[in-house]
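Welcome! Please take a moment to look over the chain shown below, and then read on for a short guided tour.

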Amino acid sequence: MRARIASVVLFLAGASLAQATTFTVTSAADTDGTSCGATCTLRQAINASNAAGGANTINFNIPGTGPFTIAVASQLPSINTRGTLTSLIIGGYSQPAA
């Protein structure tokens, strides 16, 4: 029985690591969308993380001279927490020179 439990724990840990994605905000604009490409806003990064599931991170790398302000036009999307393997870290100090 112990071997079977250990296999389940290792499988779950591996599933969490395989789904982890880092989305990088590259624009202080507030545009909507469900994916992050060459340009990615905070709203797009949250939507993309929600769609991806898993343990994700949102970092910032907005080009130019800061400080930057992200002024949202409406409430940001809720962070989807479907199950225990879903989490989101927002790296507020990941912006270079922060």
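The report below starts with the whole chain, then turns to a helix, a salt bridge and a pocket.

## The chain as a whole

Please keep in mind that this is a predicted model. The chain holds 2 helices and 3 strands, and if you follow the sequence from its start, they come in the pattern α-β-α-β-β.

Of the 98 residues in the chain, 28% are buried. The accessible surface of the chain is about 6,400 Å², and carbon and sulfur atoms account for 59% of that area. Contacts also reach along the sequence: of those between residues at least 6 apart, 68% join residues at least 24 apart.

## A mostly covered helix

Helix α2 is a good place to look next. This helix is mostly covered, with 9 of its 11 residues buried. The buried residues are Leu42, Arg43, Gln44, Ala45, Ile46, Asn47, Ala48, Ser49 and Asn50.

What do these buried residues pack against? Their partners are the strands β1, β2 (55-60) and β3 (87-90). After α2 comes glycine 53, with a positive phi near 70°.

## One salt bridge

Searching the whole structure turns up 1 salt bridge. Its partners are aspartate 30 and arginine 43, and their closest N and O atoms are 2.7 Å apart. As a general point, side chains of opposite charge can pair when their charged atoms come close.

Where do the two partners sit? Aspartate 30 belongs to the loop between β1 (22-25) and α2 (42-52), while arginine 43 is part of helix α2, so the salt bridge ties together parts that are 13 residues apart in sequence. Is each partner buried or partly exposed? Aspartate 30 is partly exposed, because its relative accessible area is 23% and buried means under 20%. Arginine 43, in turn, is buried, with a relative accessible area of 8%.

## The largest pocket

The last stop is the largest pocket, which has a volume of about 230 Å³. It is lined by 14 residues, and the closest to its centre are Pro67, Phe68, Gln95, Pro96 and Ala98.

What kinds of residues make up this lining? There are 8 nonpolar and 6 polar residues, and no charged ones.

Methods:
Residues numbered from 1 in each chain as written. Predicted model: local features only at pLDDT ≥ 70, side-chain atom pairs only at ≥ 80, totals over all residues. Heavy atoms only, no water. Salt bridge = Lys/Arg side-chain N within 4 Å of Asp/Glu carboxyl O. Helix = DSSP H or I, 4+ residues; strand = E, 2+ residues; numbered from the N terminus. Buried < 20%, exposed > 50% of the residue type's maximum accessible area, 1.4 Å probe, protein only. Contact = heavy atoms within 4.5 Å. 1 Å grid on protein atoms, 1.4 Å probe; cavity = no way out; pocket = protein on both sides within 12 Å on 5 of 7 lines; lining within 4 Å. Points joined across faces, edges and corners; volume = space filled by probe spheres on them. Nonpolar A, V, L, I, M, F, W, Y, C, P; charged D, E, K, R; others polar. Areas by Shrake-Rupley, 256 points an atom, 1.4 Å probe, with all protein chains shown as cover.
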